[in-house]
Amino acid sequence: MNRKRNKLEIIRDILQVINSKNNKIKPTHILYKSNLSHQMMEEYLKELITKEFIIETRLKTGKTYSITEKGHEYLKKYSLIAEFTESFGLE
Amino acid sequence: MASLYYIPNWFFTTSIIFEIIFAVVTGLVAILSFKVYNLCKQREFQLFGLGFTFISLSYIIWSLINLFLLDQLNEALKVLSFNEFVSLGALGIYFYMLLFIVGLVTLNYTTLKEKNKSIYIIILLTSLVAIITSFNKGFTFQILSSILLAFLLIHFANQVKRNKNAKSLLVFIAFLSLLVSHIIFIFSTSQYVYYVAGHIFELIAYMLILARLYLIIK
């Protein structure tokens, strides 16, 4: 059985999903791919916007999300974050 | 005032080098923690970095005061009287103790994953008041730091149990060595051999942490 993902892993997964869809994705796609409940996904998206990892664009057809430079940096340096977190048990 | 530590003359310079090494290693942990905080903006990393900053500052103060005292000992023309010399040494150690305890309390608060700031303030004030009002400050400091390190060790033991890998075990052994060093320091108010042994265990602890840091950034 797979272990429960921690918060940092969930953030990485969401950012990877957005990145894989040419950096423009609708919330429904994030919901399918990130394996989260709707409420959890909303909370994470809100947090990622506050942290400036993603930006929300409102169109007539609905909302889309894109990764910012900070979000890309998070993905790039994720192994460092994960190693540090695992070493000191900070998740 | 009760005695703080017995330090053998032959070990004084070596102990200053050790303290500088401790300051550098803890400073590196703090820098890396702040770097990770800047990447993920998670509060725990900021607090963890802050905890290690206080510990690093404590070692910096201790080594600077000892360097100054060493310089005074070597000077042919003494600027300080004996009483001033002893008072300055004691003041340096008090600042070291207070900053070190603030660092350990901050690290414990981080690992508890507690968001209530009152808990942090209660533990911090209780610890600081205990040292400030104690007759034997050195002894109280070592007991308190051993208790705080023991709680940190429980946290790292849980990490070893959970992750079951050598990386977590390395950090656990490092903090175990740090705990052992502070337990040994409890006896350093009576015999200098404990002061030397405590420093050696502390050096082992920080070398292991440095090794872990190297593996993280490699």
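Start by selecting chain B and colouring it by burial: buried residues make up 40% of its 218 residues. Keep in mind along the way that this is a predicted model.

**Stop 1: chain B as a whole**

Show chain B as a cartoon and you will find seven helices and zero strands. Walking from the N terminus, the order is simply α-α-α-α-α-α-α. Turn the chain along its principal axes, and the C-alpha trace spans about 55 × 40 × 30 Å. How does the radius of gyration of chain B sit beside that of a compact globule? Chain B has 18 Å, which agrees with the value near 17 Å for a compact globule of 218 residues. If you draw the contacts with a separation of 6 or more in chain B, 71% of them come from residues 24 or more positions apart.

**Stop 2: chain A as a whole**

Now switch to chain A, which has five helices and two strands. From the N terminus on, its elements run α-α-α-β-β-α-α. The C-alpha atoms of chain A fill a box of roughly 45 × 30 × 20 Å along the principal axes. With 91 residues, a compact globule would have a radius of gyration near 12 Å, and the 13 Å of chain A agrees with that. Colour chain A by burial as well: 26% of its 91 residues are buried. For chain A, residues 24 or more positions apart account for 49% of the contacts with a separation of 6 or more.

**Stop 3: the hairpin of chain A**

Zoom in on residues 54–59 and 62–67 of chain A. These are β1(A) and β2(A), which pair in the antiparallel sense over six bridges. Together they form a hairpin, with two residues between the strands. To see one pairing up close, pick A:Ile54, which stands opposite A:Ile67 in β2(A).

**Stop 4: two loop residues and a helix residue**

Step back from the hairpin to A:Glu52, in the loop between α3 and β1 of chain A. What is the phi of A:Glu52? Its phi is near 60°, a positive value in a residue other than glycine. Most residues other than glycine have a negative phi. A:Glu52 counts as exposed because it has 12 other C-beta atoms within 10 Å, and the exposed class takes in residues with 12 or fewer.

Next, select A:Asn35, in the loop between α2 (27–34) and α3 (38–50) of chain A. Phi of A:Asn35 is also positive, near 60°. Is A:Asn35 buried or exposed? A:Asn35 is exposed, because 12 other C-beta atoms lie within 10 Å.

Then move into helix α3 of chain A and pick A:Glu47. A:Glu47 is partly exposed, with 15 other C-beta atoms within 10 Å. Use the distance tool from A:Glu47 to A:Ile11: their C-alpha atoms are separated by 9.5 Å, although the two residues are 36 apart along the chain.

**Stop 5: helix α5 of chain A**

Select residues 78–88 of chain A, which make up helix α5(A). Which residues of this helix are buried? They are A:Ile81, A:Phe84, A:Thr85, A:Glu86, A:Ser87 and A:Phe88. Show what surrounds them: the buried residues of α5(A) pack against α1 (7–20) of chain A, together with α1, α2, α5, α6 and α7 of chain B. After the helix comes A:Gly89, with a positive phi near 60°.

**Stop 6: where the chains meet**

Bring both chains back into view. Here 18 residues of chain B are in contact with 14 residues of chain A. On the chain B side, α1 (9–40), α2 (43–74), α5 (137–163), α6 (166–185) and α7 (192–217) each supply at least two residues. Colour that side by class and you will find nine nonpolar, five polar and four charged residues.

**Stop 7: the nonpolar core**

Finish with the largest nonpolar core, which has 68 residues. Those with the most contacts inside it are A:Ile18, B:Val36, B:Cys40, B:Ile101 and B:Phe175. The largest share of this core, 12 residues, comes from α2(B).

Make B:Cys40 your last pick. Which residues does B:Cys40 touch, not counting those up to four places away in sequence? B:Cys40 touches A:Leu8, A:Tyr74, A:Ile81 and B:Phe45. You have met A:Ile81 before, among the buried residues of α5(A).

Note on methods: Residues numbered from 1 in each chain as written. Chains lettered and ligands numbered in written order. Predicted model: local features only at pLDDT ≥ 70, side-chain atom pairs only at ≥ 80, totals over all residues. Contact = placed C-beta atoms within 7 Å. Helix = DSSP H or I, 4+ residues; strand = E, 2+ residues; numbered from the N terminus. Nonpolar A, V, L, I, M, F, W, Y, C, P; charged D, E, K, R; others polar. Buried ≥ 20, exposed ≤ 12 C-beta atoms within 10 Å, placed from the backbone. Core = buried A, V, L, I, M, F, W, Y, C linked by C-beta atoms within 7 Å. Rg over C-alpha atoms; globule rule 2.2 N^0.38 Å. Pairing = 2+ DSSP bridges.
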